[in-house]
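I opened my notebook to look at how parts of a protein fit together. Here is what I pulled up.

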Amino acid sequence: MRVFEHVDLSGRNSFHVSQRAARLIEFDKADELPALFEQYRPERWMVLSGGNNILFTCDYDGTLITPCGCEISIVAENDSEVEVEVEAGLEWDDLVQWCVEHNLWGIENLSLIPGKVGAAPVQNIGAYGVEAKNAIRAVTMYVPESGKFLTLAAEHCDFGYRESIFKHSLRGKVIITSVTFRFGKEPNPVLGYGDVIREVEARGGATLRNIREAICDIRRSKLPDTEVLGNAGSFFKNPIVDVEIAERLRADYPEMPLYPVAEQGKVKLATGWLIDKAGLKGYREGCVGVHERQALVLVNHGGATGGEVIAFARMVQERVQERFGIEIDTEVNIL
Ligand code: EPU
């Protein structure tokens with residue numbers, strides 16, 4: 001393990017805000033964690049993974065714990081499926097690339113999502129009609145309070161749209177050390193979302209490589225590169241509202257996008273569309289702005305503090321509330 005004191009976090013969060021942490025410890029193997037807690041006995045701690053879905057608004061006076069192990073192990077295999085255990089520190093997109101190279105289906109639509117494997121179950125990352133929960137079989141974690149490791153089957157992870165048990169009853173209580181996935185050997189393309197089918201066909205049909213390439217190109221055309229422009233992907237969630245509310249809005253805005261959800265009597269609205277329609281796409285105040293190609297993304301044009309980003313986000317929420325009567329929640333963790 002590697003221990004850092006009084007760490008500048010600007011290189012460790014994709015918004016590039018420069019807050020500090022009292023201590024940060026990187027670990028490689030899960031079995032280092034009992035010793036880490038024994039030695040440092042942190043009173044206040046939390047996991048900082050890739051820092052892609054977090055906004056620091058102040059310095060952190062506790063210990064941040066960062067998983068760095070990147071191993072992929074095949075744990076079971078039959079004619080149609082492969083079960084793979086992946087350490088939490090692997091870059092998510094490296095796992096997608098590995099699957100494509102090994103002809104395994106399941107997460108190709110989740111290409112290029114920034115972040116690490118251990119963060120994928122926390123908010124059940126999703127894009128283009130696929131969610132991580134479709135492929136996750138189990139999540140293994142260390143529980144400092146009991147000093148034990150625990151493996152939770154996917155059925156017990158309470159996965160929902162950008163939701164899981166790790167955002168609720170297990171929040172701040174566990175450190176995810178690995179995630180077990182089941183991938184398919186047979187082709188199973190999911191092409192129904194937006195431009196995906198057109199882009200895949202333009203590349204010659206639904207192979208794993210073509211789907212990955214199409215998704216990467218769609219994302220690159222809309223979403224800012226965090227290396228160039230600080231951001232945390234979607235800053236807000238898409239709201240799930242009563243059908244009646246959506247129908248009332250549709251009467252005024254027939255072109256408004258709607259997405260079905262499993263829950264009866266509810267539909268999902270597109271926050272990006274709402275912010276765009278409220279006239280805020282590309283809008284900027286000081287160093288913070290709404291991205292010019294995807295209004296769901298807030299960007300740090302350089303030098304913004306977490307506090308400035310939050311103040312700007314509140315303004316966006318108010319404008320959407322005033323214009324449409326819809327409350328939008330943040331997707332990003334605010335600290
Ligand atoms: N739209 C606009 N203006 C905008 C943005 C979007 O009119 O500025 C419209 C689009 O034309 C489309 C609809 O809103 O009709 C939805 O837009 P899009 O397909 O880009 O997806 P999204 O709902 O804005 C969600 C995820 C993204 C994911 C995409 C694709 C959430 C919070 N976000 O965005 O995830 O990549 O779908 O599946 O669910 C992320 O979580 O960081 C993320 C990027």
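Before counting anything, I wrote down the rule for a polar contact: a pair of N or O atoms within 3.5 Å, where one must be able to donate a hydrogen and the other to accept it. I also noted that this is a predicted model.

Entry one, the layout. I found the protein divided into domain 1 (2-67), domain 2 (72-184) and domain 3 (230-334). I picked domain 1 and domain 2, and their centres, taken over C-alpha atoms, are 21 Å apart.

Entry two, the touching residues. How many residues of domain 1 are in contact with domain 2? I got 16, and they meet 16 residues of domain 2. The size of an interface is often given as the accessible area lost when the parts come together, and that was my next look-up. Between domain 1 and domain 2, about 1200 Å² is buried, with 68% of that area coming from carbon and sulfur atoms.

Entry three, the polar side of things. With the rule above, I have 1 residue pair in polar contact between domain 1 and domain 2, both residues at pLDDT 80 or more. I looked up salt bridges too, and the interface has 1. On a salt bridge between side chains, I jotted down K29 and E87, at 2.7 Å from N to O.

Entry four, who supplies the domain 1 side. At least two residues each come from α1 (33-40), β3 (45-47) and β5 (60-67). The top contributor is α1, giving 3 residues. Sorted by class, this side of domain 1 has 9 nonpolar, 4 polar and 3 charged residues.

Terms used. Residues numbered from 1 in each chain as written. Predicted model: local features only at pLDDT ≥ 70, side-chain atom pairs only at ≥ 80, totals over all residues. Heavy atoms only, no water. Domains from an automatic or database assignment. Contact = heavy atoms within 4.5 Å. Buried area = accessible area lost by both parts, 1.4 Å probe. Salt bridge = Lys/Arg side-chain N within 4 Å of Asp/Glu carboxyl O. Polar contact = N/O pair within 3.5 Å; in protein donor to acceptor, adjacent residues only side chain to side chain. Nonpolar A, V, L, I, M, F, W, Y, C, P; charged D, E, K, R; others polar.
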